[in-house]
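Dear colleague,

I am handing over the structure below, together with some notes on how a few of its helices sit against one another. Please look it over before reading on.

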Amino acid sequence: MSLNEYQKAFNYLFDGLSITPKIKDQSLQFNSYYAAANVFVELEAFDEALEYVHKANEIAVAMSDNRNQCYAKALVANIFLSQDNSLNHEERLKEVINYCKGLNLLVIDAHLYKSLAKNYFNHGLLEKSELSYIRALKISANNGYLPDVLQIKLGLARVYLETGELEKAKVHIDEVLEETAIRESGVNRRDATELLAKYYEKNSNPVEANKALSQLVQIQDEMLADQANKNLAYQKVKYSHLDQNAQIQILDQKNKLLALTSQVEEQSKRNFQLLLVIVLIVLTGISLWFWRVKKQKERYQRLSQIDALTNTLNRRYALKLAHEIHQNSLINNSHYCVIIFDLDYFKTINDRFGHAMGDWVLKKVSDCVKGRMRSVDVFGRLGGEEFIVILPQCTSDDAKKFIERCAEAFKEIEHAKLPTNFQVTASFGVAAKQNGESLEELIIEADNAMYQAKRNGRNQTQVY
């Protein structure tokens, strides 16, 4: 994993997991399942992570090993927090903290207080969040796990940016950015750069803020590419192992079928109907198994193409479909339009009403656009609050009409927690294929047009 050789890593992972149930050393079994659960957390495959951490915990309970139970319980709490940070996980986290108390597991103690602080921050309890982060930092002072220490400092920086203690925030941001090991941690490097941009923005330094934002975009692109490679390798290896297991099960079923056939041939003809029933049951089981494997493959393939928050196409898959539309336009000498739009003042929504409300607005905007698309249109999320739409067989005028329908729908978005005069608006940029432009050129033109719309006052459309 550290060398980014993901396919090798996942082959070893699944090979190890297939061996683990057969070994007698319970400590080795626990370590195997616990390590696997951590890998699945990194992949955001939370169902698999919970499956293996529960197996690890069962082994720890059977061994009456309190330390390993602490590790497992802490990981379960972290998985639930990562799955849904809109829920209040305070009670669960405190329960684990109390269980681990006195076991002298300083790294786990610091990690749990960091998670508790994150939970408080998610619910606007800034004072409690600060105290929990400070406690986590004190626990980690001597022998802390560096990635956790960096996350704790970044958490404190977030709190101080929210409370207006900008220079305190800057101290922690600088400490993280000066750490050489941060280059190996994309998440910490991304978060530190994002907070640095917010610091300069709050300090009314737009030049430095823009520099930090440019670095942030580059880091996010690198992380997206790495995550895509990781997910692709995981899916390939998983399906390969599923196919191997399927072949083994099929061979087992065939062997059983041959044995049953041999027995039936030795019996009288009165048992012939029984043989037919057995054969049908076996074949039905194989068919059902193949059907389940096929559905599972389709599900994972779909998940690799969809943005988890908005249920739209993710950046990678949307651009892949856009390239196919472009190639068809070259073959058929047809036109198409590229629309890029960005929600106006989206940061204000997050700052005033919280990130949960911001996520809700992104979902509603996506629903509005999807409800006005044709089956041949492509719609995806580029990142943050920026989206792309590809309209085959359309002119600039057609694109503007489509945008007008979407913009009107955005105005109808309302929520009980939003002011009555609140309206969601966006700035749109349009580029139409006329002659021999490449897809990349059209995307750049649409992006430039979108930024021109923002400079012209937002809530409008600019055609390149």
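What follows describes two helix pairs, taken in turn.

Please keep in mind throughout that this is a predicted model. Two packed helices are described by the angle between their axes and the distance between the axes.

The first pair consists of helix α8, which covers residues 146–163, and helix α9, which covers residues 166–177; they pack at an angle of about 160°, and their axes are 8 Å apart. Since angles over 145 degrees count as roughly antiparallel, α8 is therefore roughly antiparallel to α9. The crossing of these two helices, α8 and α9, is left-handed. On the α8 side the contact includes Leu150, Leu154, Ala157 and Leu161, while on the α9 side the residues include Leu166, Ala169, His172, Ile173 and Val176. Sorted by class, the residues in the contact of α8 with α9 are 10 nonpolar, 1 polar and 3 charged.

The second pair brings α9 together with helix α10, which spans residues 186–202; their axes come within 10 Å and cross at roughly 150°. Helices α9 and α10 are therefore also roughly antiparallel to each other, and their crossing is left-handed. The contact draws on α9 residues including Leu166, Glu167, Lys170 and Ile173, and on α10 residues among them Ala192, Leu195, Leu196, Tyr199 and Tyr200. In the contact of α9 with α10, the residues divide into 9 nonpolar, 1 polar and 3 charged.

Leu166 and Ile173 of α9 thus appear in the contact with α8 and in the contact with α10.

With best wishes

Methods
Residues numbered from 1 in each chain as written. Predicted model: local features only at pLDDT ≥ 70, side-chain atom pairs only at ≥ 80, totals over all residues. Heavy atoms only, no water. Axes fitted to C-alpha atoms, helices over the stretch in contact; angles between N-to-C directions. Helix = DSSP H or I, 4+ residues; strand = E, 2+ residues; numbered from the N terminus. Parallel < 35°, antiparallel > 145°, perpendicular 65-115°, else oblique. Left-handed = near helix turned anticlockwise from the far one by under 90°. Contact = heavy atoms within 4.5 Å. Nonpolar A, V, L, I, M, F, W, Y, C, P; charged D, E, K, R; others polar.
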